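The exercises below ask you to read burial, contacts and helix packing from the coordinates. Each task is followed by a solution that goes step by step.

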Amino acid sequence: MRRTTNEQQAGETPPDPREGRSGVVPVLAFAGITVAVMQTLLVPVIKDLPSLLGTDPADATWVMTATLLAGAVATPIMGRLGDLYGKRRMLLASLAVMVVGSLICASTDDLVVMIVGRALQGFAMGAIPLGIGIMRDVLPPRKLGSAMALMSSSIGVGGGLALPAAAVIAQHADWHALFLSSAALGVLAMTLTFLVVPEPPLRAPGRFDLVGALGLSLGLVCLLLPVTKGGDWGWTSPPTLGLIAASLVILVLWGLFELRSPAPLVDLRTSARREVLLTNLVSIMVGVAFYAVSLVLPQLLQLPESTGYGLGQSMVMAGLCVAPLGVTMMFVAPLYARISARRGPKTTLMLGMLVIAVGYGAGLGLMSAAWQTVVIAVVLGAGIGLAYSSLPALIIGAVDASETGAANGLNTLMRSIGTSLSSAVIGMVLANTSVRMGSVDVPTMEGFRTSFMIATGAVLVGLALAAFLPAQRPRPVLLASSAGDELAAGEPVPATVPVSATERRTSAP
């Protein structure tokens, strides 16, 4: 209901209806954590997958690769579908597909069926950008910073917390119970989302770009497949080089098509803006840094002490030592909000990357005791939490509200590409520096330290890129719904949002 003329003259401001939606934040964060749990689920049993599935090690890796590829494809597509048809609706759809995939995996020992189920699980990766988009639409501005930070960090939080939990389940129950647990979390996340999260009214104009979605999917698969399988196929083998060449051709043709499309899946003109482009490039570097610690510390902790450098911890203890990585990411969300409110998301991004660099640099000399790995995990968790929390704020400050889902979907995809590159490069480093002990090859301390140096280099490159990001400052605006003159709750609501350098230029007199 609109205010009367007398009320307007009196300067009275109606209460913001979004203030009563605090329950949205923990529910959406829980949905993000559920998706992250799915990614980490098989880490404790990954070395046993060939025997569990009755296949050779090279084929068993498809169980992990399928999830990665499906997640990369689904992330930008689900973001765009959310902008067009409703973010809450698409979030529920993503979680439902994950539940179906989990149940399929829980009921089979067949490799092909398992790969299908894992691909369906990976489809849920679109929940992260959808959750960020919902937060922008339904939360009051003063709560938005810390809420987006928590949602963006949920991948690391869920991964860190899931590792010891999955290890306990794998040690004391049938390994299929891992998937049943994932399905149960998915059902709980769907129920809470349905009951607590409202459907934002804002919709993007246009229709879904099916040709663009198919082109991007094919290009991503052709790019990420050789990145993840290059170590098995050989980096100079015809399949690897052929797929990389094909991906470049497909993505160039896809880009040309998107530029001509009236309703593109990804607005490349927006993505080419300095603030968006640099943020996405930095996201790749942060993804590389995030995954490096996840690859190195669990192996170092579980290697036997007879190697001379292994820490001889059990699977569960290794998970507990790495868990502070995710816990710290969760607790830095409020800190991010305070720093960003004063200095802007660019400052928090650069601060986070500096902390990551310090963590990896210190880690080069802190690998001789389990407690030292905990210190590394805490420092890296703080840095990665700050960096991850800054990325959606930078994207949101540079795009229209109707593009939030698609733009954050693309940004999440960039992080996924970074983790894929990290997995491929560090996997190759550890394999090439391993030594034979008995009947198995084990990574060496040289390989672990080289991996940390690669992560440090990636962070420093990201820090240099972040330095060229335009500064963002807050300005008061009036938030209107997509109904035009019908404003949210019937009235203009004072808000503060980040403003990009581009917007400042275009609005200058």
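**Exercise 1.** Decide whether Pro470 is buried or exposed in this predicted model, and state where Pro470 is placed.

Solution. Begin with the position along the chain: Pro470 belongs to the loop between α20 and β3, the latter covering 473–478. Next, take the relative accessible area of Pro470, which is 9%. The cut-off for burial is under 20%, and Pro470 is therefore buried. As a last step, compare sequence and space: Leu394 is 76 residues away from Pro470 in sequence, while the two C-alpha atoms are 9.7 Å apart.

**Exercise 2.** Determine whether Glu258 counts as buried or exposed, and list what Glu258 touches beyond its neighbours up to four places away in sequence.

Solution. Locate the residue first: Glu258 is part of helix α12, which covers residues 238–260. Its relative accessibility comes to 2%, so Glu258 counts as buried. With residues up to four places away in sequence not counted, Glu258 touches Asp209, Gly212, Pro264, Leu265, Val266 and Leu268. For one of these partners, Gly212, the separation along the chain is 46 residues, and the C-alpha atoms are 6.6 Å from each other.

**Exercise 3.** Carry out the analysis for Met315: find its helix, its burial and its contacts outside the four nearest places in sequence.

Solution. Met315 is found in helix α15, residues 315–322. The relative accessible area of Met315 is 18%, and because the limit for burial is under 20%, Met315 is classed as buried. Leaving aside neighbours within four places in sequence, the contacts of Met315 are Pro44, Lys47, Ala167, Gln171 and Gln302. Gln171 illustrates the distance along the chain, since 144 residues separate it from Met315 in sequence, whereas the C-alpha to C-alpha distance is 8.4 Å.

**Exercise 4.** Classify how α5 and α7 are oriented to each other, and describe the residues at their contact.

Solution. Take the geometry first: the axes of helix α5 (residues 62–85) and helix α7 (residues 111–122) come within 7 Å and cross at roughly 30 degrees. Angles under 35 degrees count as roughly parallel, and α5 and α7 are therefore roughly parallel to each other. The crossing of α5 past α7 is right-handed. On the α5 side the contact holds Trp62, Val63, Met64, Ala66, Thr67, Ala70 and Gly71, which meet Leu111, Met114, Ile115, Arg118, Ala119 and Gly122 of α7. Sorted by class, the residues of this α5 and α7 contact are nine nonpolar, three polar and one charged.

**Exercise 5.** Apply the procedure to α2 with α8, and then to α19 with α20.

Solution. For helix α2 (residues 24–40) and helix α8 (residues 127–138), the packing angle is about 170 degrees and the axes are 9 Å apart. Since the angle is over 145 degrees, α2 and α8 are roughly antiparallel to each other. In this pair, Val24, Val25, Leu28, Gly32 and Val35 of α2 meet Ala127, Ile128, Gly131, Ile134, Met135 and Val138 of α8. The class count for the contact of α2 with α8 is nine nonpolar, two polar and no charged residues.

Helix α19 (residues 404–432) packs against helix α20 (residues 445–466) at an angle of about 155 degrees, with the axes 9 Å apart. It follows that α19 and α20 are roughly antiparallel to each other, and their crossing is right-handed. From α19, Val425, Ile426, Val429 and Leu430 meet Gly447, Phe448, Thr450, Ser451 and Ile454 in α20. Their contact has six nonpolar, three polar and no charged residues.

**Exercise 6.** Identify which residues touch the most other members of the largest nonpolar core, and examine the contacts of Phe448.

Solution. The largest nonpolar core has 126 residues, of which Leu349, Tyr360 and Phe448 touch the most other members. Helix α14, residues 274–302, gives the most to this core, with 15 residues. Apart from neighbours within four places in sequence, Phe448 is in contact with Val296, Gln299, Leu300, Leu303, Tyr309, Met367, Leu430 and Pro443. A second, separate core of five residues includes Ile395, Ala398, Val399 and Ala407. To set this in context, 55% of the 509 residues of the protein count as buried.

How values were computed
Residues are numbered from 1 along each chain as its sequence is written. This is a predicted model: local features need pLDDT of at least 70, side-chain atom pairs count only at pLDDT 80 or more; totals for chains, interfaces and linings use all residues. Side-chain values use heavy atoms; hydrogens and water are left out. A nonpolar core is a set of buried Ala, Val, Leu, Ile, Met, Phe, Trp, Tyr and Cys residues joined through side-chain atoms within 4.5 Å. Buried means under 20% relative accessible area, exposed over 50%, partly exposed in between (1.4 Å probe, protein chains only). Helices (H or I, at least four residues) and strands (E, at least two) are DSSP runs, numbered from the N terminus. Contact means heavy atoms within 4.5 Å. Axes are lines fitted to C-alpha atoms, for helices over the stretch in contact, and angles run from 0 to 180 degrees between N-to-C directions. Angles under 35 degrees count as roughly parallel, over 145 as roughly antiparallel, 65 to 115 as roughly perpendicular and the rest as oblique. A crossing is left-handed if the near helix is turned anticlockwise from the far one by less than a right angle, and right-handed if clockwise. Ala, Val, Leu, Ile, Met, Phe, Trp, Tyr, Cys and Pro count as nonpolar, Asp, Glu, Lys and Arg as charged, and the others, Gly among them, as polar.
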